[in-house]
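Colleague: I would like a close look at a single part of this model. Please pick one helix pair, then place it in its surroundings.

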Amino acid sequence: MTPPLYIALRFLAHRKRALLLSLSGVVCGVAFFICMQAQTQGFAKYFIDSTLGSNGALIIRSRFEPRQINSIVPTKTSNTNVAHRQYFEGITNANEIMRVSRQFSNVVSCSPVLRGTLSARSGFENATVELYGIDPALHLQTTDLAHQIAGGSLYDFRNRPDSVIVGSRLAETLNVEVGDTVQLLSPGAQYRRFGVAAIAKSGVGAIDSTRVYCHARVAQTLLRKPYAASLIIYKLRDPDRAPALAQHFENLFQHDAASWQEREASTLHLFLTLRLSAAITVSLVILLAGFGIFNVLTMTVLSKMKEIAILRSMGYRRRDISAIFLWQGGMIAAVGSLVGCMAGAFLSWGVSKIPIHLRGLLSTDYFVVAWDWRHYVWAILLAMISVFIASYVPARRAAQLPPVTTLRGSSV
Amino acid sequence: MKPDAFLSCQDIERYLGEDESRVHALRGVSLEVEPGSVHAVVGPSGCGKSTLLYILGLLDHPDGGFVMLEAEAVSHLPDDQLARRRNEFIGFIFQFHFLMEDFTAQENVMIPMRRLGRLPETAMRDRAAGLLEAVGLSDKLQRASRHLSGGEQQRVAIARALANDPRVVLADEPTGNLDTKNSRRAFELLQSIVHQNQMAMLLVTHNPAIAEACDWIHEMQDGRIIASHSRGLG
């Protein structure tokens, strides 16, 4: 143990109240930071997981062609400017597109969907629904639909073409349960009856309140579409690389492609803003803790001027004196961070047990928290920086104290 | 200048304060301290005794002249080097002993040894215990220094000054805060250790009895040494 560390430990041990005050500031700051980040990222992650699980990481939709431009010289690039595109509803040759896209290493699986809007009726209840005509086998490979089933049986759905899976909140609106019948109104103003095979709950309000899954062939008949798929959903190994792949698919297939980041940009920005706002607010707690440590160490320097002078007379260097106070700050930061991390984890766990009936953008019955080691690293880093700055000034002041001035106080 | 002097200074000038309050504290002071000798610096308050002591102890810089430690000019050395020499060669004793009040007597004595870093923990403890035993405090090793009497605290300070086996002990009125009995006892203890170990000691004192018992007496007035005489020469 170095002499400054030894002396720092002794100084700390004899100022228990000040030590506890400083420690509690760091512990609270670190714990609150971790807990707030766990909550805000928890909801964001929940949303991302849910939306990826339901809508995939990437989708291909309408085919496009370059608009005819009155130019004698054709464009050299194959990239077609978005403003100069003409879109056509539906996907032509979906099977060929899926066959080619499966060759990409990032693609895990893909599934065609025929999407359309219909009216649904059950008893006296009516609702506008988004019909997803799917190939059950492919769709279950590509999405988390199997895990989203909150009631009923996927087996029934797969084996009965006249059955549907209804979103959980839509089921509440229509007042239907598994085994009930729901009527879907086709564009030809003809109602067709379907049995509710299962209820699905994705956790995303916009999906759960509108979506009905049925078999693709049934959907094509019901929606009277000339094409078999209006979009292709992709499950990717690395969803973070979705934007680059989307760009590549657009060029390759001449179909509009959108990554989940592009699709959910506004919601993701909202979560990011909330996270930053919470981080700034809680960082202030850590800064306040740093201010408390600054006060405590400054008072220590003032009360230990005599000791500092005597240490200097015994051969302790300026940097030794400085190290004594930096060590004190360092130990407060280290112990405070460690205890703060444990308190933060405990707080996050406690928060995740708080019941909350959320039925809006997200559907959840409990607070959602994310367990991410980076929250702990950031909290420790912030605490360390804050405490170092708070300790540096008193430490430097202590090192600069001329010992003769203090010693002269006793004799001239 | 004697070649065997442990500590010496030549033509030391020192100004204290600034502008109108500036005082010429030391005016061309020269002094030599040889091994095995005890020097007393006497004079009225404010004559520059303590200022001279701090400069000789490398705690303060002279404005003119130089200090030599074992024939090496040290006044110009950087702060780290000065600190190392203080730690290795010089032991300080102050009037108000300046112990670390949260530390035990033994821990106080170990503080300079820790900085020197030549002994392991157990050896440091043993040496501190030996030094405290030499000053008659073997039964109070673990007592917090703030719970010791004034005389005991000064004896701890003496033991601490001797911790790194210094060449020179500099004492600023080491008995000024003690009663006559403790004062005499502390001085005799210091004197015997200095003579026994062939160290050198320079002490600032107002006590004529102690000054008379030293090998050399230097009388200071207005920042100058006006007379130096060895014991018995008057």
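Modeller: What follows starts with one helix pair and then moves outward. Keep in mind that this is a predicted model.

The pair is α12(A), residues 265-303, and α15(A), residues 373-400. The two helices pack at an angle of about 20°. Their axes are 8 Å apart. Angles under 35 degrees count as roughly parallel, so α12(A) and α15(A) are roughly parallel to each other. The crossing of α12(A) and α15(A) is right-handed.

Now the contact itself. On α12(A), the residues that meet α15(A) include S283(A), I286(A), L287(A), A289(A), G290(A) and F291(A). I293(A), F294(A), L297(A), T298(A) and V301(A) also belong to the α12(A) side. From α15(A), the partners include L382(A), A383(A), S386(A), V387(A), I389(A) and A390(A). S391(A), V393(A), P394(A), R397(A) and A398(A) are on the α15(A) side too. By class, the contact has 16 nonpolar, 5 polar and 1 charged residues.

Next, the domains of chain A. Domain 1 covers 3-52 and 267-408, and domain 2 covers 54-263. Their centres, taken over C-alpha atoms, are separated by 48 Å. The domains do touch: 12 residues of domain 1 of chain A are in contact with 14 residues of domain 2 of chain A. On the domain 1 side, α2(A) (16-55) and β13(A) (363-366) each supply at least two residues. The largest share comes from α2(A), with 5 residues. That side divides into 6 nonpolar, 5 polar and 1 charged residues.

Then the neighbouring chain. Chain B puts 27 residues in contact with 21 residues of chain A. Four elements of chain B each supply at least two residues to the side that touches chain A: α1 (49-56), α2 (79-89), β6 and α3 (105-116). α2(B) gives the most, with 6 residues. The residues on this side of chain B divide into 11 nonpolar, 6 polar and 10 charged.

β6(B) leads on to a sheet. This is an open sheet of 6 strands in chain B, in the order β6-β7-β8-β3-β9-β10, with mixed pairing. β6(B) (90-94) is one edge strand and β10(B) (224-230) is the other; each pairs on one side only. The twist averages 15° from one strand to the next. At the β10(B) end, β9(B) (residues 216-221) and β10(B) pair in the antiparallel sense over 6 bridges. Q221(B) has R224(B), in β10(B), as its bridge partner.

Terms used:
Residues are numbered from 1 along each chain as its sequence is written. Chains are lettered from A and ligands numbered from 1 in the order in which they are written. This is a predicted model: local features need pLDDT of at least 70, side-chain atom pairs count only at pLDDT 80 or more; totals for chains, interfaces and linings use all residues. Two strands pair if DSSP finds at least two bridges between them. Axes are lines fitted to C-alpha atoms, for helices over the stretch in contact, and angles run from 0 to 180 degrees between N-to-C directions. Two residues are in contact if their C-beta atoms, placed from the backbone, lie within 7 Å. Ala, Val, Leu, Ile, Met, Phe, Trp, Tyr, Cys and Pro count as nonpolar, Asp, Glu, Lys and Arg as charged, and the others, Gly among them, as polar. Domain bounds come from an automatic or database domain assignment. Angles under 35 degrees count as roughly parallel, over 145 as roughly antiparallel, 65 to 115 as roughly perpendicular and the rest as oblique. A crossing is left-handed if the near helix is turned anticlockwise from the far one by less than a right angle, and right-handed if clockwise.
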